[in-house]
Number of protein chains: 2
Amino acid sequence: MASVQERPFADALARLKEVGLRPTRQRLALAKLLFDKGDHHTTAEQLHAAARAADVKVSLATVYNTLHQFKDVGILREVVVEPGRSYFDTNTRPHHHFFHEDDVRLIDIPDEAVELSRLPEPPEGAEISRVEVVIRVGARR
Amino acid sequence: MASVQERPFADALARLKEVGLRPTRQRLALAKLLFDKGDHHTTAEQLHAAARAADVKVSLATVYNTLHQFKDVGILREVVVEPGRSYFDTNTRPHHHFFHEDDVRLIDIPDEAVELSRLPEPPEGAEISRVEVVIRVGARR
DNA sequence: GTGTTTGCAAAGTGTTTGCAATTTA
DNA sequence: TAAATTGCAAACACTTTGCAAACAC
């Protein structure tokens, strides 16, 4: 089966309204591309390409802005694993990642597949905002 | 006490010879700045500034090249936590990091302070090269 | 209408590279 | 002296920004 998500009719428009972003043509189109086909990871360039491929006219600048707005309202998560390139993850639930160093690609690890049985105290005056586990993998020699 | 490390008289020259890098004036100076004062994290800019401050003339390009050479021979580790900026860690032993999002700073977590009691199988045909845990922290509200 | 959003092109940041001059072995 | 390294400046990749035109409410 294709992409039945938690919310069966996950509607881009409703989602934008929910988070208080004006549903402009560009934002709607990008939201569709991002959220209508299951969890995945994208870079700005990739999303921009996907938009072009879908005959959606959006400037790269808008793609960047939109990705950050989506991140700011919490419907997207930014993952940094490579110098000079940001990945955005449509899965905002707690989970971790494989980073395949050969084909330069992120793969989700379900939260339950990782168990952190001991964590350090955060530094004085600080509190933990997120724990990220990245497992770097490469082709088996 | 100051910085008595594993190898008491950790000598920059010896270290470079060990890894097969010609001990040039620049590399020696950078190695001293990096390894003579205990484990820490630096960016290229920071190291360049430290060099200037110590009256060592090195170009930024050489700092970048040197950091990567040091990384390639395994005496430095690259840590990516922020888009658009690489940190280099003089601690190459297994360990993890706090990333303080307010003052944009890495803090070492000793390996024993984190216990990963369950790890997923790597994807088909791949093998794990490293497991990185980054605990993002912010000021307590 | 009014405030928001877009797209463009320009600017910005961190990093890499080509190459002649310099240094090291 | 042959090979490696440096520094400069130019090039790069990715990202952000300023601002006038277009759009949403």
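**View 1. Sequence-distant contacts in chain A of this predicted model.** Among the contacts in chain A with a separation of 6 or more, 45% link residues 24 or more positions apart. Burial can be read alongside this: of the 141 residues in chain A, 45% count as buried.

**View 2. Helices and strands along chain A.** If you trace the chain from its start, the pattern to follow is α-α-β-α-α-β-β-β-β-β-β. That gives chain A 4 helices and 7 strands. The C-alpha trace of chain A spans about 45 × 45 × 35 Å along its principal axes.

**View 3. Surface and charges of chain A.** Here the accessible surface of chain A comes to about 7,900 Å², and carbon and sulfur atoms contribute 51% of that area. Chain A also carries 20 positive and 22 negative charges, and the mean positions of these two sets lie 7 Å apart.

**View 4. An open sheet in chain B.** Three strands make up this sheet, in the order β1-β3-β2, and their pairing is antiparallel. Because β1 (41-42) and β2 (77-82) of chain B stand at the edges with a single partner strand each, one side of each has no neighbour in the sheet. As a reminder for this view, strands of a sheet pair through backbone hydrogen bonds, either parallel or antiparallel.

**View 5. Close-up of β1 and β3 in chain B.** Look here for the 2 bridges that join β1(B) to β3 (residues 85-89) of chain B, with the two strands running antiparallel. Which residue of β3(B) does His41(B) stand opposite? The residue facing His41(B) is Asp89(B).

Definitions and conventions. Residues numbered from 1 in each chain as written. Chains lettered and ligands numbered in written order. Predicted model: local features only at pLDDT ≥ 70, side-chain atom pairs only at ≥ 80, totals over all residues. Heavy atoms only, no water. Pairing = 2+ DSSP bridges. Buried < 20%, exposed > 50% of the residue type's maximum accessible area, 1.4 Å probe, protein only. Contact = heavy atoms within 4.5 Å. Areas by Shrake-Rupley, 256 points an atom, 1.4 Å probe, with all protein chains shown as cover. Lys, Arg positive; Asp, Glu negative; His and termini not counted. Charge placed at Lys NZ, Arg CZ, Asp CG, Glu CD.
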